[in-house]
Amino acid sequence: MKAPSFAYVRAKTLPEVFQLLETHGDGARLLAGGQSLLATLNLRLASPELLVDITGIPGLSGIDVANGRIRIGALTTHAEVGRSPEIARTLPMLSLAAPHIAHTAIRNVGTFGGSIALADPAAEWPACCVALKAEFVVASKTGSRRVPAHDFFQGLYTTDIRPAEVLTAIEIPIPSREYRSTFLELARRHGDFAIVGIAAIARNTRGTLSDVRLAYLGAGQVPVLAQTAMAAVEGKRLSPDIVDAAAQALTSDLDPSGDSESTSATKMHLARVLTGRALAALNA
Amino acid sequence: MEQSVETTMVVNGGTVTRRIPARQHLIDFLREDLGLTGSHAGCEHGACGACTVRVDGKIVRGCLMLAVQADGKRIDTIEGLSDSGEIAELQQAFHQRNALQCGFCTPGMLVAAQDLVADHPDATREQIREHLSGNYCRCTGYHAIVDAIETVLNTRRGKGHA
Amino acid sequence: MNTRTESLVTVPGPKTDSGYIGHSVPRPNARRLLQGRGAYVDDLRLPRLAHVVFFRSPHAHARIKRLDFTRARTLPGVIAVVDGHDVAKFCKPWVAVLGHLKGIKSAPQYAIAIERACCQGEAVAAVVAESRAQAEDAIDHIEAEWEDLPAVVDMADALAGNYVIHSDLGDNICFSRELDTGGVDAAFANADVVVEETLEFDRHTGVTLEGRSLLADYNAAEHALTVYHSTQAPHMMQDIISRHLDIPEANVRVIAKDVGGSFGIKVHVYPDEMATAALSVMLRRPVKFVADRLESFLTDIHAREHKVRIRLACTKAGEILAFDLDDLTGIGPYSVYPRTSGIEGNQVVNLTGGPYKHQRYRARLNVVFTNKNVTCQYRAVGHPIAVAITESIVDLAAGKLGMDPAEFRRRNLIPDDAYPYTSASGMKFEKLSHQQALDKLLALMDYDKLRAEQTELRRKGIYRGIGLAAMIEVTNPSPAFYGVGGARISSQDGATLRLEPTGMVTCMVSVTEQGQGTEGICAQIAATAVGVGIDKVRIVTGDTGTTPYGGGTWASRGAGIGGEAVLQSGKVLRAHILDVAAAILQASGEMLDVRENNVVDVRTGEVKLSLAELGRVAYFRPDTLPMNFQSELMVTRHYTPHGYGFAFTNGFQASLVEVDTDTGFVRLLKHWCVEDCGTIINPLLVDEQIRGGVVQGIGGALFEHCVYSPEGQLLNGNMAEYLVPMAGEMPDIIIGHIVTPTQTSELGAKGAGEAGTAGAPGAVMNAINDALKPLNARVTAQPVTPERVLRALGKV
């Protein structure tokens, strides 16, 4: 399984990248952590003409807190996010999700931005970002624009990133102290792709949940914000009946595809189980 | 825009400069061009861990890194870690406990284990298993490997053998 | 927690008569592997080494209409592009049948397929290039036109035979067998209790971390071929390569250096490996093939695809009267060479019910061809099925009687004093120890405490299960296994021991090493037998050019057969050393002994002569010895197991699980195995073989299956989707032993390599069903995925 031939350039600046992407179009691929791209190339599932390595471009990595938002540079590795004290303090959902991402060796190299840009349906960060109302900063030679997470993921491995654009940062508003969040995933083995998972957050005001957001991974082509299930819980105090109602409502929100291991029905069942467990965590 | 790139890296403490085809991954480069055959390719899609090496002090999947990306970086392979004595305790513990059989996963397993004992001196048995969860071994069933690592941790903590 | 059974000794001296036997000596040959300084096939470099990549059929069944290599041949680095006709000129096809499997039939298989591909992944062309990457580039430019043929994918369809894969054969049945003691229908009719179950086992595969590898180096001047091969059986390969490539046997040398895991996967003949050897001859240069991971999933032998209906009849007191089974198993489009793909099913017939003392037994077996990948012997061959179906139906019967599963088994085990004993299926047991093993197991796991805990936790809605599995295990096979059928597979082995001038001992032995510790235990035996320190011993294995002729390592035969040859050879070498000593010292040999690298006075232990000094005189100063005396310091002895077709071992396993009844996930809390493998040469190595085997069995029980589409396409052939056991999900495994040496050899060692895999699937599935019992749910298919648990619970 040897990769096909390609050219390689290590970009020094973003303008250089924009130029290369414009020149080569679909023939160029961005190389960040490469933990997905290089596997794809080894499997000969893609044959780009050119790999543009962006890991040397300064200013694209790091975690900052400013104006009530966390800014994660696109090249920040999963490991860096996972061990960040700022993240643990302000966005504990991400700290809970990080250990589920593959294994240490992969987390040391794979990037947060890479995961967002790839938009694998079973990936952890996209669902977290949807739950947390993240915004993605996308740059081009004409400037930057911000895309809300919910609008960003458009289809299977398809995002709002346009040709000759680069995702440069992810910005997440820091929830106030009243918010509870959790991340749960079901996988057969540590680090496997999730069968199904949930990124959940809500404001818990003396037992009443509001601003409930339940985002599911592995349950559709993109992370799914389960509006009907959320509505069943919004403004309510949790009870077994409410939790049940949310689980049942999920049928309207999710339409997971079956695969060689689990049918759609199984995934739906597991999603309901996780919903109950996540709501219990938000209630704690 | 080159299909081959002039690359300089430090491998096991020695500087290496080569013109490397962009498509060649680090493991193939180490094995074919430098004759460092101790690092193994088991799957070439990052799942089995046989290719685990250390780059700039961090463990990585050598099969998911282009050799040209190693430019300016410090690579440590099983041969270097053996010759420097850095993993001598682990190797001794593995040997005594028979924490290897066919040996094919062993270099990657030792590199991953060294990462654990260096950064998590208080790791529990469960944490050892979790840290190794990305390294496939078909022969041992993992119990002996966990024992060997636990022995090293316990010895360092001054408690003696597991 | 780990239980170390013996103290670990680093560089011990030989002790009493038992010397190193029974000691947990760390393996000398592990040192190089710990430093990444081993020599696996892909590590080897030869001048003008070329690489071969195979163009494989994407279709399960298709006629090759046209292959066009024009473009492929022009790519950089390409040396040759060949098809099946080209290679057939250098390599004859084979048919994998054996005389003792009555009625077995199969179709000829070529190194590269000619005219028709019969499964996805079958090679129909090959590219040889200067690098693997260049060869893969060229593969992409081969043009192929196919004519789709019907693909037989389902076993029942294959049996029904509406479409016959090989029309010459008349149907899709490779092999069938019926065994009937008689009286079975009567036993069922008169029984108080009859239970019946249909169990399914999905096919899975070995996933050796080192892919299959072969490097063939043809010397045109000598018409000689050296093959570096990741294999378990170098002599078998020497014979086959010689006959099929038409190269005189002694001109073929097969060398197995370090092998990165095998488990039976690498004991078979693969067409792509034979093609590689043929290409080296054709191109007159070294050619290497290493299967990458995708190829491995697609083309390494698969195993264990069975659907079995099993019935048990017993009295209301719980006495088993009869077993009756019907086994349908699906193999690939060919029986695999040379051991045949009929053996696994044959073992299911031979071994079901084995530990129990019932007299009536009937078994029907159908082994059918399909257009999926080929299947053949994989660690514990047939036992995982036989044990799982036996132990599952036994639990079902116990449950129906409201009897504790351990107690039900106790009432039915062949008593320890009933031996020798012939089972209902005709298996001859020399001496087993099931009763002791069960007692020891229950004590080791504190069975009563676990049951009490289980009851307590059930009240809180936590579902734990305890599963037991009694097992018998085939080891040390005699020629009855393959030889009698006409296979040129040796069931005898030899060891040559040589005293070196400096007093070291070199031992060349025909059993082989794949990590289980063959070389380590041979060193222990050699050191003990001769009287030297183990640090003085060097072992040579895996080379037809230098070792005695033998069978290699498979069917857990290395210790019992190879070890015995080493022992006998070592004893004779010791005697010859004493002859030389007697000549040097002008004393009687009976007054002398060899101990700790010296010739000593047998009574006082006083050192008379070091072996180094003896070696110096024998080799360099024989002029100082009597004229009619000749030193013979190199001795060869061979050993063939006699008396019994196999040295059966026995044991008991137990699994403790917790089932999350909401998600269907199974957590393995702990696992136990009490094993009787006769004399234990190295407790550490035996325990680790058992542990590795248990986890491999757990793989099949919970995680592993090769999933095929209805069109015969493998859907999950990569490491992300095919789930192998990883450290995070595996339990600690506690081991105990009973020791019943075999009387058929001096060493008394039986085999231990496969027992773990034989019993684990049965124990784990029983544990899951035990957990689900209060919910009236039962799983009957492996791997037991969360979905299968949820289905059993009626939740999906």
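Visitor: In strand 5 of chain B, which residue is the bridge partner of Val10(B)?

Guide: This is a predicted model, so read each pairing as part of a prediction. A bridge partner is best read together with the strands it belongs to. Here Val10(B) has Arg74(B) as its partner in strand 5 of chain B. Strand 1 (residues 4-11) and strand 5 (residues 74-76) of chain B run parallel where they pair, over two bridges.

Visitor: In what order do the strands of that sheet lie?

Guide: For a sheet, start with the strand order and then look for the edges. The open sheet of chain B has five strands in the order 2-1-5-3-4, with mixed pairing. Its edges are strand 2 (14-21) and strand 4 (58-61), each of which pairs on one side only. On average, neighbouring strands are turned by 40 degrees against each other, ignoring direction.

Visitor: Which helix lies across strand 3 and strand 4 of chain B?

Guide: Look for a helix and then for its angle to a strand. Helix 4 (residues 106-119) of chain B lies across strand 3 (52-55) and strand 4, at about 45 degrees to strand 3.

Visitor: Let's turn to the interfaces. How many residues of chain B and of chain C does their contact take?

Guide: Residue counts and buried area go well together. Chain B gives 49 residues to the contact and chain C gives 58. About 4,500 Å² is buried between these two chains, 53% of it on carbon and sulfur atoms. On the chain B side, His95(B), Tyr136(B) and Arg138(B) lose the most area to chain C, together 18% of what that side buries.

Visitor: And how many salt bridges are there between chain B and chain C?

Guide: The count is nine. One residue to display is Arg138(B), whose side chain meets that of Glu704(C) in a salt bridge at 2.8 Å, N to O. There are also 30 residue pairs in polar contact between the two chains, both residues at pLDDT 80 or more. By class, the side of chain B that touches chain C has 17 nonpolar, 20 polar and twelve charged residues.

Visitor: What area is buried between chain A and chain C?

Guide: The same kind of reading applies. That area is about 2,400 Å², with 55% from carbon and sulfur atoms. In this contact, 23 residues of chain A meet 34 residues of chain C. Five salt bridges are counted between them; in one of these, Arg44(A) and Asp137(C) have their closest N and O atoms 2.6 Å apart. Helix 12 (residues 264-282) gives the most to the side of chain A that touches chain C, with six residues.

Definitions and conventions. Residues numbered from 1 in each chain as written. Chains lettered and ligands numbered in written order. Predicted model: local features only at pLDDT ≥ 70, side-chain atom pairs only at ≥ 80, totals over all residues. Heavy atoms only, no water. Pairing = 2+ DSSP bridges. Helix = DSSP H or I, 4+ residues; strand = E, 2+ residues; numbered from the N terminus. Axes fitted to C-alpha atoms, helices over the stretch in contact; angles between N-to-C directions. Contact = heavy atoms within 4.5 Å. Buried area = accessible area lost by both parts, 1.4 Å probe. Salt bridge = Lys/Arg side-chain N within 4 Å of Asp/Glu carboxyl O. Polar contact = N/O pair within 3.5 Å; in protein donor to acceptor, adjacent residues only side chain to side chain. Nonpolar A, V, L, I, M, F, W, Y, C, P; charged D, E, K, R; others polar.
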